Amino acid sequence: EVISPNENTKKKIIKNTSSSVLAQNEQQFIDKIIAFMNTKKPYLNPDFTISILSQETNIPVHHCSYILNYSIEKKFRDWVNGYRIAHFIEQYPLHSKSKTILGLSIESGFKNKVTFYNSFMKEKGILPTDYFSA
């Protein structure tokens with residue numbers, strides 16, 4: 001397919017407009033995303049995705065992705081798991097007598113033990129039991 005110069009120009013303008021919207025609103029988008037995470041706690045849902053983040057914040061997926069990758073400097077899954085680990089660390093001392101590490105990790109949004117332990121090690125550099133016994 002041959003693209004006429006006019007179609008090419010339109011695509012560039014659309015791309016530049018999109019970049020311009022992001023540049024003008026980047027801090028506002030960051031603030032909105034972080035406020036959403038802190039107030040609604042969507043990371044507790046094990047099926048939380050970047051599409052849900054986009055829908056709930058009314059920020060296009062590609063802008064959410066850009067902000068996470070380049071402003072916050074984390075991949076979506078690592079970023080979400082960071083919230084989950086923080087939630088776990090907050091909850092563990094309150095419930096450790098009545099709930100297992102696995103149970104609390106599931107309540108924190110993790111789907112399974114392996115993902116939880118891998119994420120905890122990546123985020124904190126030690127295992128949860130060592131973290132709390134230190």
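Which residues does Arg-84 touch, not counting residues up to four places away in sequence? Before getting to that, a word on what you're looking at: this is a predicted model, and the protein chain in it has seven helices and zero strands. Read from the N terminus on, the elements simply go α-α-α-α-α-α-α. Of the chain's 134 residues, 30% count as buried. Among contacts with a separation of 6 or more, 57% are between residues 24 or more positions apart.

Now back to Arg-84. This arginine lies in helix α4, and its relative accessibility is 3%, so it counts as buried, the cut-off being under 20%. Its contacts, with residues up to four places away left out, are Tyr-43, Asn-45, Pro-46, Phe-48, Arg-77, Ser-108, Gly-109 and Phe-110. You can also look from Arg-84 across to Phe-120: the two are 36 residues apart along the chain, while 9.3 Å separates their C-alpha atoms.

Phe-120 takes us to α6, so let's look at how that helix meets α4. Helix α4 covers residues 76-95, and it packs against α6 at an angle of about 90 degrees, the axes being 10 Å apart. That angle is why α4 is described as roughly perpendicular to α6. On the α4 side, the contact is made by Asp-78, Asn-81, Gly-82, Ile-85, Phe-88 and Ile-89. On the α6 side, the residues are Thr-115, Phe-116, Ser-119, Phe-120, Lys-122, Glu-123 and Lys-124. Sorted by class, the contact has five nonpolar, four polar and four charged residues.

One of the α6 residues in that contact is Ser-119. The helix it sits in, α6, spans residues 113-124. Is Ser-119 buried or exposed? Its relative accessible area is 12%, and because buried means under 20%, Ser-119 is buried. Leaving aside neighbours within four places in sequence, Ser-119 is in contact with Asn-81, Ile-85 and Phe-110. Phe-110 is also among the residues that Arg-84 touches.

Next, the nonpolar cores. The largest one has 16 residues, and the members that touch the most others are Ile-33, Met-37, Phe-48, Leu-53, Phe-76, Trp-79 and Val-80. Helices α1 (5-40), α3 (61-71) and α4 each supply at least two residues of this core, with α1 giving the most, at five residues. Apart from this core lies another, of nine residues, including Ile-89, Tyr-92, Ile-101 and Leu-104. As for Val-80, it touches Tyr-43 and Phe-48 once residues up to four places away in sequence are set aside. Tyr-43 and Phe-48 also appear in the list for Arg-84.

Leu-104, from the nine-residue core, is worth a stop too. You'll find it in helix α5, residues 101-107. Its relative accessibility is 1%, so Leu-104 counts as buried. Beyond its neighbours within four places in sequence, Leu-104 is in contact with Phe-88, Gln-91, Tyr-92, His-95 and Lys-99. Leu-104 and Gln-91 are 13 residues apart along the chain, and their C-alpha atoms are separated by 7.5 Å.

Over in helix α2, residues 50-57, there is another serine to look at, Ser-54. With a relative accessible area of 11%, Ser-54 is buried. What does the side chain of Ser-54 reach at 3.3 Å? The partner is the backbone nitrogen of Val-61. Val-61 is also in the contact list of Ser-54, together with Ile-59, Pro-60 and Cys-64, when neighbours within four places in sequence are left out.

Finally, a couple of loop residues deserve a look at their backbone angles. Most residues other than glycine have a negative phi. Asn-58 has a positive phi of about 60 degrees although it is not a glycine. This asparagine is placed in the loop between α2 and α3, and because its relative accessible area is 63%, over the 50% cut-off, Asn-58 is exposed. Glu-73 likewise has a positive phi, near 60 degrees, and is a residue other than glycine. Its place is in the loop between α3 and α4. Glu-73 has a relative accessible area of 64%, so it too is exposed.

Note on methods. Residues are numbered from 1 along each chain as its sequence is written. This is a predicted model: local features need pLDDT of at least 70, side-chain atom pairs count only at pLDDT 80 or more; totals for chains, interfaces and linings use all residues. Side-chain values use heavy atoms; hydrogens and water are left out. Helices (H or I, at least four residues) and strands (E, at least two) are DSSP runs, numbered from the N terminus. Buried means under 20% relative accessible area, exposed over 50%, partly exposed in between (1.4 Å probe, protein chains only). Contact means heavy atoms within 4.5 Å. Axes are lines fitted to C-alpha atoms, for helices over the stretch in contact, and angles run from 0 to 180 degrees between N-to-C directions. Angles under 35 degrees count as roughly parallel, over 145 as roughly antiparallel, 65 to 115 as roughly perpendicular and the rest as oblique. Ala, Val, Leu, Ile, Met, Phe, Trp, Tyr, Cys and Pro count as nonpolar, Asp, Glu, Lys and Arg as charged, and the others, Gly among them, as polar. A polar contact is a pair of N or O atoms within 3.5 Å; within protein, one must be able to donate a hydrogen and the other to accept it, and residues adjacent in sequence count only if both atoms are side-chain atoms. A nonpolar core is a set of buried Ala, Val, Leu, Ile, Met, Phe, Trp, Tyr and Cys residues joined through side-chain atoms within 4.5 Å.
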